[in-house]
Amino acid sequence: MTDPARLPAKRIGDSERDEAVRLLTEHMSAGRIDSTEFDDRMSRALSARTMGDLDPLFADLPGARPDQQVVPSAPAQPPVPA
């Protein structure tokens, strides 16, 4: 069995970096981080290569993370007539 700690870090692309910046913008708008901290975190997000590079940027912030994907629920099925 492979030790998860020894697996290579999961690489990210532009969409994950863009999502990180979007989420950081929301946190700044909500007053959780100021503009200086936003600039620092955004710069780090834009240069991130792995999900592990993004994780520390959100460790102290509530809510969604760039690596969380919302899985849509199945549509409600109408009741079957008896």
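## Salt bridges and core: worked exercises

Arg-41 pairs up with Glu-37 in a salt bridge, with 2.5 Å between the closest N and O atoms. Keep in mind that this is a predicted model.

**Exercise 1.** Work out where Arg-41 and Glu-37 lie, then decide whether Arg-41 is buried or exposed.

*Solution.* Start with the helix: both residues belong to H2, 4 residues apart, or about one turn. Next, take the accessibility of each partner. Arg-41 has 6% relative accessibility, and the cut-off for buried is under 20%, so Arg-41 counts as buried. Glu-37, at 31%, is partly exposed.

**Exercise 2.** Find the salt-bridge partner of Asp-40 and say how the two are spaced along the helix.

*Solution.* The partner is Arg-44, with the closest N and O atoms 3.5 Å apart. These two also sit 4 residues apart in helix H2, so about one helical turn separates them. As for exposure, Asp-40 is partly exposed at 40%, and Arg-44 is partly exposed at 40% too.

**Exercise 3.** Which residues are linked with Arg-22 in a network of salt bridges?

*Solution.* Glu-19 and Glu-26 join Arg-22 in the network. Zoom in on the Arg-22 to Glu-26 bridge: its closest N and O atoms are 2.3 Å apart, and both residues lie in helix H1.

**Exercise 4.** Trace how Phe-58 ties into the core and back to Arg-41.

*Solution.* First, the largest nonpolar core has 14 residues, and Phe-58 is among the four that touch the most other members. Helices H1, H2 and H3 each supply at least two residues of this core. Then check the contacts of Phe-58 beyond four places in sequence: they include Leu-24, His-27 and Arg-41.

Definitions and conventions: Residues are numbered from 1 along each chain as its sequence is written. This is a predicted model: local features need pLDDT of at least 70, side-chain atom pairs count only at pLDDT 80 or more; totals for chains, interfaces and linings use all residues. Side-chain values use heavy atoms; hydrogens and water are left out. A nonpolar core is a set of buried Ala, Val, Leu, Ile, Met, Phe, Trp, Tyr and Cys residues joined through side-chain atoms within 4.5 Å. Buried means under 20% relative accessible area, exposed over 50%, partly exposed in between (1.4 Å probe, protein chains only). Contact means heavy atoms within 4.5 Å. A salt bridge is a side-chain nitrogen of Lys or Arg within 4 Å of a carboxyl oxygen of Asp or Glu.
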